[in-house]
Amino acid sequence: MSSDVERRSRRAGGRPISVSFEFFPPKTPDMEATLWNSITRLAPLAPKFVSVTYGAGGSTRERTHTTVERIVKETRLAPAAHLTCVSATKGEVDEVVRGYWDAGVRHIVALRGDPPGGVGQAYDPHAEGYRTTADLVAGIRRSANFEVSVSAYPEKHPESPSFDTDLDILAAKVDAGATRAITQCFFDNDLYFAFLDKARARGIDVPIVPGILPVSNFKQAKNFSTKTGTYMPDWLAARFEGLDNDPETRKLIAAAVAAEQVFDLVDRGVTEFHFYTLNRADLVYAICHLLGIRPPQENGASGHGNGAAAA
Ligand code: FAD
């Protein structure tokens, strides 16, 4: 191990650091090429799993399935398929679930999905659908022995009346069989730890894995954060000030900012990270490198992680 890797490992109390990567299904052949270049570049880092999102209202049902199936067929990565229950009957959702099992998928990220009218509008479950995410989780677990991950919101879901409601919903999802929560992205680590404390006090004991969004386009991230209610600290805006027309420097700053965030999390005991890649490998690859997560040949014979995931 290099001294950098040793230092990180010491910081993590000797526990190995593990990562997972999130992608979205591509719309065009060009986007597909970008996605697959990214998957091929990130695969040797042996992520615990790679997840593929499901478009709003199930709009990418086919494309998500095709992408996940290709990951199963062409790589040794463990895919996790996102699945929402909004605007779908139980029968439709169950069919998708069975299709994943038959395709060799063993992990689903179960979500409710945004209201069809958009974030902020009232959510009405489909009359013949799963009413809540906890119901969906139970349905998936009944269908087959899937690993099920769910969402968590360190800064509260925008629809939620209170943190307590959010924690009740998360607890119900765990009671229904979810074994991991992945958080909405956040930029102030203190908010994540405050949420973690509340969740543990509520008796929620599954891993609550921080979702990390490396920000290279500050304006875009700011818009997204406004919608999701994610706090953007002033210092973050200041780091990107004056760089609107300088994407190269923005990218370097983005790597530095995200590295700073994950190192602080490691220093405070976090050893598992979920990266929102936006289908781009460079930033995430660089941050993983700094975390000591390298392709096997760079880490010596044993490599990192289970070494089973090269594309
Ligand atoms: P839940 O966890 O079930 O609920 C979220 C919140 O809504 C609750 O915490 C609570 O505040 C409120 N709420 C829900 N039910 C009730 C109730 N009965 N009473 C009172 N309040 C209630 N969206 C997609 O379309 N596709 C994706 O692939 C996708 N992937 C995601 C991955 C992650 C890691 C995260 C964090 C989010 C993702 N989303 C995705 C977004 C998600 O669908 C939206 O945030 C949606 O609005 C809520 O879905 P959920 O599963 O998080 O809901």
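Q: Buried means under 20% relative accessible area, exposed means over 50%, and partly exposed is what lies in between (1.4 Å probe, protein chains only). Which class does Asp-264 fall into?

A: With 28% relative accessibility, Asp-264 is partly exposed. Before we go on, note that this is a predicted model, where local features need pLDDT of at least 70, side-chain atom pairs count only at pLDDT 80 or more, and totals for chains, interfaces and linings use all residues. Residues are numbered from 1 along each chain as its sequence is written, and side-chain values use heavy atoms, leaving out hydrogens and water.

Q: What does Asp-264 pair with in a salt bridge?

A: Here's the general idea: side chains of opposite charge can pair when their charged atoms come close. A salt bridge is called when a side-chain nitrogen of Lys or Arg is within 4 Å of a carboxyl oxygen of Asp or Glu. Asp-264 does this with Arg-268, with 3.0 Å between the closest N and O atoms. Arg-268 is partly exposed too, at 38%. Elsewhere, Lys-48, Glu-147, Arg-180 and Glu-272 are joined into one network by salt bridges that share partners.

Q: How many salt bridges are there, and which parts does the Arg-61 to Glu-95 one tie together?

A: The count is 13. For the second bit, you need the elements: helices (H or I, at least four residues) and strands (E, at least two) are DSSP runs numbered from the N terminus. Arg-61 and Glu-95 bridge at 3.7 Å. Arg-61 sits in helix H3 (residues 61–74) and Glu-95 in helix H4 (residues 90–102), so the bridge ties together parts 34 residues apart in sequence.

Q: What about the ligand: which residues come nearest?

A: A residue is near a molecule if one of its heavy atoms lies within 4 Å of it. Here 21 residues surround the ligand, and Thr-133, Ser-151, Tyr-153, Asp-166 and Lys-173 come nearest. Helix H6 gives the largest share of that shell, four residues.

Q: Where do polar atoms meet the ligand?

A: For a polar contact, look for a pair of N or O atoms within 3.5 Å. A side-chain N or O atom of Asp-166 is 2.3 Å from a ligand oxygen. From the backbone, a polar atom of Tyr-54 is 2.5 Å from a ligand nitrogen, and an N or O atom of Arg-112 is 2.7 Å from a ligand oxygen. Taken alone, the ligand exposes 970 Å² (Shrake-Rupley method, 1.4 Å probe), and the protein buries 82% of that.

Key:
A polar contact is a pair of N or O atoms within 3.5 Å; within protein, one must be able to donate a hydrogen and the other to accept it, and residues adjacent in sequence count only if both atoms are side-chain atoms.
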